[in-house]
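Let's take a walk through a protein chain together. Have a look at the picture first, turn it around a little, and then read on.

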Amino acid sequence: MTTVWVAVAVAAVLAASLRAGGRGVPAGMGWYEWFFLFLSSAFLGDCFETVFVYLNTGVWMSRSSLLYGPLSVVWGAGAVLMTLVLTPLARKGIAALFAAGAVLGGGFEYLTSWVLEKLTGRLFWDYSAMPFNLEGRTNLLFALFWGAAGVFWIRFAAPRLLGWLHRIPRQSGRSAATVAALLLAADMTVSAAALVRMEERSRGMVASNTVEQALDVLYTDARLEQRYRNMQLPGETLAL
């Protein structure tokens, strides 16, 4: 039931954004510019989380969503979502922008955690030990952070980053983005397959074909646990 209410809250922000109307972002943005916005945000988000975790735990921990490359898909997708949804709300004032960012960011974090657990049977973050958490998937403190981040992103960071990306020559941008998108798609496919196979192994399922056998050899539990050190089964306690 909590998941439904979170989805409703996020939908309400989306509806408010649609009612506000207006683009609010540079006109003529090509798909490759949005892709580079996603890619750059995924990289910056991974770097931010890595440093944040180190400052809090003293441990250098990979926060990447993928097996190859320092990229957090959650941060990349979140940045694109915030740009599209919050930009039309900017004219409503900082308070409205902050509130919408808190709901959108916290809701996105919660729903992403829920989807990942359903797909892989694993938790990739757990805030159960923090006060005012929502089923360990998000919490009030981080929701407030998302609100502040939304204001900063829409009022300062996104316009400048989008402006720089808008200067990329169209042909060069398309070519570079196409190559990067193909590599990213391959990385995401392999990463997802390895995690799904890991979940199957945890249930005692033996490899039934050549692909699953290759995944078992190349991406062992030990290798995946080293890459995703914050990953755990529901109910487990994360040990650094």
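How many helices and how many strands are there in the chain? You should find 8 helices and 2 strands. Keep in mind that this is a predicted model. If you start at the N terminus and follow the elements along, they run α-α-α-α-β-β-α-α-α-α. In that order, the two strands come after four helices and are followed by four helices.

Now zoom out to the whole chain. The C-alpha trace spans about 55 × 50 × 35 Å along its principal axes. A compact globule of 240 residues would have a radius of gyration near 18 Å, and the chain has 19 Å, so the two agree. Contacts tell you something about the fold too. Take the contacts in the chain with a separation of 6 or more: 72% of them are between residues 24 or more positions apart.

What about inside and outside? Of the 240 residues, 42% count as buried. The accessible surface of the chain comes to about 12700 Å², and 69% of that belongs to carbon and sulfur atoms. There are charges to think about as well: the chain has 19 positive and 15 negative ones, and their mean positions are 14 Å apart.

Time to peek inside. In soluble globular proteins, nonpolar side chains tend to be buried together. Here, the largest nonpolar core has 49 residues, and the ones that touch the most other members are L37, L86 and W153. Two or more residues of this core come from each of α1 (2–20), α2 (31–57), α3 (73–86), α4 (94–120), α5 (140–166) and α6 (170–202). Which element gives the largest share of this core? That would be α5, with 11 residues.

Let's stop at L37 for a moment. Leaving out residues up to four places away in sequence, L37 touches V80, T83, W153, L161, L162 and L165. Notice W153 in that list: along with L37, W153 is among the core residues that touch the most other members.

Next, go to helix α6, where you'll find both S191 and T189. Is S191 buried or exposed? S191 has a relative accessible area of 2%, and because buried means under 20%, S191 counts as buried. Not counting residues up to four places away in sequence, S191 touches L66, L67 and Y228. T189 tells another story: at 54% relative accessibility, T189 counts as exposed, since the cut-off for exposed is over 50%. L66 turns up again here, too. T189 and L66 are 123 residues apart along the chain, yet their C-alpha atoms are separated by 9.3 Å.

Finally, have a look around the strands. F132 sits in the loop between α4 and β1 (133–134). Although F132 is not a glycine, F132 has a positive phi of about 55°. F132 is exposed as well, with a relative accessible area of 66%. A little further along, E135 lies in the loop between β1 and β2 (138–139). E135 also has a positive phi, near 55°, in a residue other than glycine. How open is E135 to its surroundings, and what is its relative accessible area? E135 is partly exposed, at 47%.

Note on methods: Residues numbered from 1 in each chain as written. Predicted model: local features only at pLDDT ≥ 70, side-chain atom pairs only at ≥ 80, totals over all residues. Heavy atoms only, no water. Rg over C-alpha atoms; globule rule 2.2 N^0.38 Å. Buried < 20%, exposed > 50% of the residue type's maximum accessible area, 1.4 Å probe, protein only. Contact = heavy atoms within 4.5 Å. Areas by Shrake-Rupley, 256 points an atom, 1.4 Å probe, with all protein chains shown as cover. Lys, Arg positive; Asp, Glu negative; His and termini not counted. Charge placed at Lys NZ, Arg CZ, Asp CG, Glu CD. Core = buried A, V, L, I, M, F, W, Y, C linked by side-chain atoms within 4.5 Å.
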